[in-house]
Amino acid sequence: MLKLPKTLLAIAALGSFVLHGAAQAAEPVVTLKLAHFLPAHSVTQAQFLEPWAKRITEQSDGRIQFQFYPSMQLGGTPPQLVDQVRDGVADIVWTLPGYSSGRFPLTAAFELPFMSSSSEASSQAMWDFIAKHGQKEFSDMHLLATHLTDGALIHTVGKPIHTLKDFRGQKLRAANRTAAKTIGLLGATPVAMPVPQVPESLSKGVVDGAVLPWDVVPALKLHELVKYHTETAVGSPALMHTALIVGMNRATYEKLPDDLKKVFDDNSGRELSREAGRIWDNQVVETGHKLAQSRNNEIHVLPQDELDKWMKATAPVSNDWIKEVERKGYENGQALLEDARQLIQHYNDQLSR
């Protein structure tokens, strides 16, 4: 067998590397604009979206790249993100469908009061529910993930919320119509606003508190603005959750070559939804607790007897949801709600095995 000198072998290897690099360079690189409304250091970007984007870049051999636009850097307001991804202003967005009042009624099922105790379970349930019933809500985008935040709790400045009577006279920030109805039934005055407006509104006394999950506490430095936090016990259903999506411009997705579509397909769907839910269930809550404790804030856990009173007071919200989806043309809202609950229970049961 003919043996080549080491120098020739090295040259041959280098030539192979150069040709391989040239072949890779010939492949078109797709750079996607990814927008959301929270800061770059938020859990959303640092712990969820950036690791996900890195996986896609690696699995595409660098042919898919991302440019992040946090804090609405592409302009507009948070409620406009669903239109920005539809219209191609952004290629991908992470946003709250509930900011767009009435446009995503089926998704709102997962924001009903005391619907869920686990974001990981309910994020998967929401993916299945939308795939089964809610396709037309997202017909103008390519849906990549659905997930819930950790459970929303009550953060207040001047007085703690321990019982129903403590809500009287309090103005509390609400994320959407479902949250506003819930807050009103509990006895407070709801004030609707996107998350970025909360710190200034608390500082100026526009609101006395906010109904928000722990996940936004670090980004907003909420623990420095309030003194009291009221949440439900671990394993108990949370006051409510906020439903979020990762959505992609449909034309952007369709223009991708099949192999790059597959990279997205392999890194989206129920599993990505589950991953997000797990993040929000675990380190998000732990971080929020630590920050609140670092300021010597009070964290009050609602006892079961009081929780029962809150659940009874907010029951009409679910009935209103049933009527609303039926007005929008869906048949048997009660059956839809029961299906959402059964899906949540299914994935809760999986977690407990």
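Analyst: Before we start, a contact means heavy atoms within 4.5 Å of each other. By that yardstick, and looking at contacts with a separation of 6 or more in the protein chain of this predicted model, 75% join residues 24 or more positions apart.

User: What makes up the chain overall, in helices and strands?

Analyst: The protein chain has 13 helices and eleven strands. Its C-alpha atoms fill a box of roughly 90 × 50 × 45 Å along the principal axes, and buried residues account for 52% of the 353 residues.

User: What does the pLDDT look like across the chain?

Analyst: The average is 91, and 93% of the residues score at least 70. Over residues 1–25, though, the pLDDT is below 50, and that stretch has two contacts in the model beyond near neighbours in sequence. Where pLDDT is low, the predicted coordinates shouldn't be read in detail.

User: Why is Thr156 called buried?

Analyst: The cut-off for buried is under 20% relative accessible area. Thr156 comes in at 1%, so it counts as buried. You'll find Thr156 in strand E5, residues 153–156. Setting aside residues up to four places away in sequence, Thr156 touches Ile161, Gln170, Leu172, Asp208, Gly209, Val226, Lys227 and Tyr228.

User: What makes the pairing of Thr156 with Lys159 a polar contact?

Analyst: A polar contact needs a pair of N or O atoms within 3.5 Å, with one able to donate a hydrogen and the other to accept it. The side chain of Thr156 reaches the backbone oxygen of Lys159 at 2.7 Å, so the distance falls inside the 3.5 Å limit.

User: And Val217, buried or exposed?

Analyst: Buried: its relative accessible area is 0%, against a limit of under 20%. Val217 lies in helix H7, residues 217–220. Leaving aside neighbours within four places in sequence, Val217 is in contact with His155, Leu222, His223 and Leu291. The C-alpha atoms of Val217 and Pro39 are separated by 12 Å, with their positions 178 residues apart along the chain.

User: Why is Gln283 put down as partly exposed?

Analyst: Buried stops at 20% and exposed starts over 50%, with partly exposed in between. Gln283 has a relative accessible area of 33%, so it lands in the middle class. Gln283 lies in helix H11. Outside four places in sequence, its contacts are Gln47 and Arg278. From Gln283 to Trp214 it is 69 residues in sequence and 9.9 Å in space, C-alpha to C-alpha.

User: What makes the phi of Asp61 worth pointing out?

Analyst: Most residues other than glycine have a negative phi. Asp61 is not a glycine, yet it has a positive phi of about 55°. Asp61 sits in the loop between helix H2 (43–59) and strand E2 (64–69). With a relative accessible area of 59%, Asp61 is exposed, since the cut-off is over 50%.

User: How do you know that Asn296 counts as exposed?

Analyst: Its relative accessibility is 63%, and exposed means over 50%. Asn296 is also a non-glycine residue with a positive phi, of about 60°, and its place is in the loop between H11 and strand E11 (298–302).

User: On to empty space: why are some of these spaces called cavities?

Analyst: A cavity is space where a 1.4 Å probe fits but cannot get out, whereas a pocket is open. A search of the whole structure finds four cavities of 30 Å³ or more.

User: What lines the largest cavity?

Analyst: The lining has 20 residues, and Gly102, Phe104, Ala108, Arg177 and Thr178 lie nearest the centre. Helix H5 (177–186) and helix H12 (304–327) each supply at least two of the lining residues. The lining splits into eight nonpolar, seven polar and five charged, around a volume of about 220 Å³.

User: And what about the second largest cavity?

Analyst: The volume there is about 90 Å³. The lining has 14 residues, with Leu96, Thr149, Val195, Val216 and Thr242 nearest the centre. Of the lining residues, ten are nonpolar, two polar and two charged.

User: How much space lies in the largest pocket, then?

Analyst: About 490 Å³. Among its 25 lining residues, Ser117, Val234, Gly235, Asp281 and Val285 are the closest to its centre. Helix H4 (119–133), strand E9 (228–232), helix H11 (283–294) and helix H13 (333–352) each supply at least two residues of that lining, which divides into ten nonpolar, eleven polar and four charged.

Definitions and conventions. Residues numbered from 1 in each chain as written. Predicted model: local features only at pLDDT ≥ 70, side-chain atom pairs only at ≥ 80, totals over all residues. Heavy atoms only, no water. 1 Å grid on protein atoms, 1.4 Å probe; cavity = no way out; pocket = protein on both sides within 12 Å on 5 of 7 lines; lining within 4 Å. Points joined across faces, edges and corners; volume = space filled by probe spheres on them. Helix = DSSP H or I, 4+ residues; strand = E, 2+ residues; numbered from the N terminus. Nonpolar A, V, L, I, M, F, W, Y, C, P; charged D, E, K, R; others polar. pLDDT = per-residue confidence, 0-100. Buried < 20%, exposed > 50% of the residue type's maximum accessible area, 1.4 Å probe, protein only.
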